[in-house]
Amino acid sequence: MKIAVDAMGGDNAPEAVVCGAVRAAQNYHEEIILVGQEDKIREVLKAHNAENTPGIAILHAPDLVDMHDDPATVLRAKPQSSMAVALNLVKKGEADAIVSAGSTGALLSGATLFCKRIKGVRRGAVAPVMPCKGGQVLLIDAGANTECTPEYLLQFGVMGSLYMQKIKGIANPRVGLVNNGSEDSKGDPLRKEAYALLKAAGEAGHINFVGNVEGRDVPLGACDVAVCDGFAGNVMLKTIEGVAKFMAGALKDVFTANLGTKLAYLACKKGMDDFRSLFDQDAVGGAPFIGISRPVIKAHGSSNDTAFMNAIRQAIEYKKSGMIEAIEQNVQHMTAE
């Protein structure tokens with residue numbers, strides 16, 4: 001398998017990207033193609049004595065996508081950017097997947113332009129997995145589509161259900177529609193119409209629809225797939241991230257207040273480490289663009305080398321899972337009458 005990695009995307013590129021790719025090549029034994037400015041990539045490899053790492057290849061791309069570039073047009077304007085060249089590798093079948101920590105909007109636009117959506121899928125969606133009580137929950141969409149139709153939300157529900165089956169091994173994932181109340185009468189016209197479509201899909205046996213779920217219930221394990229438009233999903237994702245950071249800081253303040261609390265921390269250190277690991281973004285690596293005909297993994301912009309290594313692992317798992325084929329086989333259940 002060959003994984004194209006945008007070596008110039010993200011806040012810590014190319015250092016973190018290259019180091020993460022080296023670790024991935026050593027651990028997963030697949031070929032990693034580092035796409036970007038060759039001289040800078042080689043500088044990092046040399047600095048870490050990794051110039052001859054088996055499985056690492058370099059493809060020169062002189063330009064890069066800046067976070068201030070227009071996401072909708074930048075890849076056409078910069079065809080020699082690392083992101084565009086990496087996407088072209090996947091388009092031409094010279095790579096099996098792409099990983100990038102660059103602009104989310106540019107990557108989604110490029111994935112749609114170069115790799116295309118699966119036939120019948122209206123929009124690709126970014127779908128991160130978050131910790132929740134009793135396990136994990138997939139949030140779909142988390143920012144790719146700020147304006148949605150009811151049919152988009154139906155497709156997000158079906159695709160999200162397939163992801164949790166194929167990737168996470170959940171036999172019958174519970175699909176919930178994020179809303180401002182659990183009653184079926186709640187919500188704006190978008191949510192009400194989407195509710196009807198998801199309910200019909202549930203009654204037909206295509207998904208396990210559990211109805212509306214409130215935002216507070218998602219982290220409490222109310223569903224395995226939380227369906228929402230990209231605006232609401234991104235707000236929810238960032239809010240949960242912020243609360244997790246606040247809680248971590250507050251607990252640190254409690255345990256470092258005096259000698260007694262420091263001793264108490266030592267007594268429960270393992271439990272605190274386990275709690276902290278639940279919110280470790282680096283261990284997750286990234287989020288897939290579900291609905292695209294090739295594996296496209298979006299790593300967090302601030303990813304370090306561990307996060308990039310795990311984003312590459314995620315790309316490998318996504319390719320091997322049969323997820324794309326499963327969507328192709330079920331796309332007939334995703335169309336609103």
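In this predicted model, helix H1 (residues 15-28) packs with helix H12 (residues 305-321) at an angle of about 50°, and their axes lie 7 Å apart. Angles under 35 degrees count as roughly parallel and those from 65 to 115 as roughly perpendicular; H1 and H12 are therefore oblique to each other. The crossing of H1 past H12 is right-handed.

The contact draws on residues of both helices. On the H1 side, the participants include Ala-16, Val-17, Cys-19, Gly-20 and Arg-23. They meet residues of H12, among them Asp-305, Phe-308, Met-309, Ile-312 and Arg-313. By character, the residues of the contact of H1 with H12 comprise 10 nonpolar, four polar and three charged.

A second helix, H2, spans residues 38-47. Its two sides are set out below.

| Residues of H2 | State |
|---|---|
| Ile-41, Val-44, Leu-45 | buried, under 20% relative accessible area |
| Glu-43, Lys-46, Ala-47 | exposed, over 50% relative accessible area |

Why do Ile-41, Val-44 and Leu-45, the buried residues of H2, fall on the same side of the helix? They cover an arc of only 100° around the axis, and therefore share that side of H2. Glu-43, Lys-46 and Ala-47 are exposed on the other side.

The buried residues of H2 have several partners: they pack against H1, strand S2 (31-36) and strand S3 (56-60). H1 thus appears in two settings, as it meets H12 and also packs with the buried residues of H2. Just after H2, Asn-49 adopts a positive phi of about 50°.

Terms used: Residues numbered from 1 in each chain as written. Predicted model: local features only at pLDDT ≥ 70, side-chain atom pairs only at ≥ 80, totals over all residues. Heavy atoms only, no water. Axes fitted to C-alpha atoms, helices over the stretch in contact; angles between N-to-C directions. Helix = DSSP H or I, 4+ residues; strand = E, 2+ residues; numbered from the N terminus. Parallel < 35°, antiparallel > 145°, perpendicular 65-115°, else oblique. Left-handed = near helix turned anticlockwise from the far one by under 90°. Contact = heavy atoms within 4.5 Å. Nonpolar A, V, L, I, M, F, W, Y, C, P; charged D, E, K, R; others polar. Buried < 20%, exposed > 50% of the residue type's maximum accessible area, 1.4 Å probe, protein only. Arc of directions from axis to C-beta.
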